[in-house]
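Reader: I've got a model open and I'd like to learn how to read its features one at a time. Can we start with empty space inside the protein?

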Amino acid sequence: MECSNPDGPLCGTEPACETNPPNIISCKEEKARISRTSLFLWHARQDDPSALRCLLQQDPSLISAHGYDGRTPLHICAFYSCLAAASFLLDHGAPVNAQDRWGNSPLADAQSKGHKEMETLLKEFGGQSLGNHGLGFRNAAVAPPLPQTCDWEVDPLELDFSKGRVIGKGSFGEIWKATWRGTPVAVKKILPSLSDDSSTIKDFKHEVQLLVKLRHPNVVQFLGAVSSKPLMLMTEFLGAGDLHSYLKDNGSLPLAIAIKFAKDIARGMIYLHNGTNCIIHRDLKPRNLLLLENDHVKVADFGLSKIFRIKSRQAYILTGETGSYRYMAPEVFCHKSYDTKVDVFSFAMILYEMLEGEPPLSELAPYEAAKSMAKRGLRPKLRAKTYPPQMKELIIKCWSSNKEDRPSFKEILMTLESMQRGGDR
């Protein structure tokens, strides 16, 4: 199955071909070529000459590769100012004046975005400004190609729900405990009525494309998905439940346990926030934190997450009321631009709940709680007697109205480890 187009079906149809036609490339070879092209375009967008070099050694023809819209790797580099990759491509003979479906050359794209260094580089190699200067191309993120064989696709007949049970519900459908190849798994089943909805399908594809890349001990492991109706998404099953239920049953946690849980959350979030692609969770809350039976925590549910390419210190231009009100950062509620620090604010509310034994501002309805925190600067009262000074200071910093004053999760982890060492003495 062909899976390289993020805007197409989860698994498209195979390229048309005849049975053993003379002098025509086989279906298998054609699929491999398309996969290599997708990867080559992807690594150009990531400004990664080393990866481009490896692929080019395998297939020298990739230097002239192009996507379905005629855009070459050099077009992508020019549009996004990926100078290192562009220099590599030009040094290895990339066609400097190739034109895409709108007639634009790489230099036209660079000029349309005002990338002066890129303009200079392209002109040194004979680049010409051809076409309508990029007006036909939208500034859209380049998604990584999905596995060529769709190895995440699960045959729904392999999922056994006969001895399973519903372990969660939402407006999208239900989460079931089921069995897959003899292993207990958690399956998010989308309502059949929603499985034909274009926006639901888009959100489902986004979550699959996100989860398939994640590998960390403190992040719930994605196992597979069903792209036929009804849509289903499968992850590892964690039998100890979620933090919401745990706190409901146990009330406030001993400081040592709260710190242990908080460290696991911080580690998972450090992984998500750092690296080539930064993932902002946007809905961090106790229900989305799952427990292992050895008292460890994993971050789960990435249905609202967003993935972005990190470039220097550039802020992400994100707006919108996204997430759960009681844990929502003020800038999100107020529809202002925001970044990774929204997850830090949510973390402060979770830390408060673990130590106090009740949700933040539990006397208010969720919407009113978010509104009061955003508009009036209201914060929950720290009543518990178990707070060491460092913990109070950490919570207050994490829920600061000014996102710039909130620490990163790396700093949070260092503070928690310092507190843990102090408690062990």
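Author: Sure. A cavity is a set of grid points where a 1.4 Å probe fits but cannot get out, and its lining residues have an atom within 4 Å of a point. Keep in mind that this is a predicted model.

Reader: What is the general idea behind the probe, and how many cavities of 30 Å³ or more does the structure hold?

Author: Rolling a probe the size of a water molecule over the atoms shows where empty space is left. Here you get 2 cavities of 30 Å³ or more. Let's take the second largest cavity, with a volume of about 30 Å³.

Reader: Which residues line the second largest cavity?

Author: Its lining is made of Ile-63, Thr-72, Pro-73, Leu-74, Leu-89, Ala-94 and Pro-95. Sorted by class, that's 6 nonpolar residues, 1 polar and no charged ones.

Reader: Where does UniProt put the ANK repeat?

Author: The UniProt record, an unreviewed entry, lists "repeat: ANK" at residues 69-101. In the model, that stretch is 52% helix and 0% strand, with its end C-alpha atoms 5 Å apart.

Reader: Now helices. What should I keep in mind when I look down one?

Author: An α-helix has 3.6 residues a turn, so residues three or four places apart point the same way. Try that on H4, residues 83-91, where Ala-86 sits. Buried residues in H4 are Ala-85, Ala-86, Phe-88, Leu-89 and Leu-90. Leu-89 also belongs to the cavity lining we just listed. Just after the helix, Gly-93 takes a positive phi of about 90 degrees.

Reader: Why does Ala-86 count as buried?

Author: Buried means under 20% relative accessible area. Ala-86 is at 0%, so it counts as buried. Setting aside residues up to four places away in sequence, Ala-86 touches Leu-74, Cys-77, Met-118 and Leu-121. Leu-74 is one of the cavity-lining residues too. For a backbone distance, take Ala-86 and Ile-76: they are 10 residues apart along the chain, and their C-alpha atoms are separated by 8.9 Å.

Reader: Can we do a strand residue next? Is Met-232 buried or exposed?

Author: Met-232 lies in strand S5, residues 232-236. Its relative accessible area is 7%, so Met-232 is buried. Beyond neighbours within four places in sequence, its contacts include Pro-156, Leu-159, Phe-161, Val-187, Lys-189 and Phe-204. Pro-156 is 76 residues away in sequence, yet the two C-alpha atoms are 8.5 Å apart.

Reader: Lys-189 turned up in that list. What does UniProt place at Lys-189?

Author: The record, an unreviewed entry, has the feature "binding site" there. Lys-189 is found in strand S3, residues 183-190. With a relative accessible area of 25%, Lys-189 is partly exposed. Its contacts, leaving aside neighbours within four places, are Phe-161, Phe-172, Gly-173, Glu-174, Trp-176, Leu-231 and Met-232. Phe-161 is in contact with Met-232 as well.

Reader: Let's zoom out. How many helices and strands does the protein chain have?

Author: There are 14 helices and 9 strands. Of the 425 residues in the protein chain, 48% are buried. The accessible surface comes to about 20800 Å², and 51% of that belongs to carbon and sulfur atoms.

Reader: And what share of the contacts joins residues at least 24 apart?

Author: Taking contacts between residues at least 6 apart in sequence, 66% join residues at least 24 apart. Pro-156 with Met-232 is one contact to look up on screen, with their positions 76 residues apart in sequence.

Methods: Residues numbered from 1 in each chain as written. Predicted model: local features only at pLDDT ≥ 70, side-chain atom pairs only at ≥ 80, totals over all residues. Heavy atoms only, no water. 1 Å grid on protein atoms, 1.4 Å probe; cavity = no way out; pocket = protein on both sides within 12 Å on 5 of 7 lines; lining within 4 Å. Points joined across faces, edges and corners; volume = space filled by probe spheres on them. Nonpolar A, V, L, I, M, F, W, Y, C, P; charged D, E, K, R; others polar. UniProt positions renumbered as here; feature names shortened; annotations may be inferred. Helix = DSSP H or I, 4+ residues; strand = E, 2+ residues; numbered from the N terminus. Buried < 20%, exposed > 50% of the residue type's maximum accessible area, 1.4 Å probe, protein only. Contact = heavy atoms within 4.5 Å. Areas by Shrake-Rupley, 256 points an atom, 1.4 Å probe, with all protein chains shown as cover.
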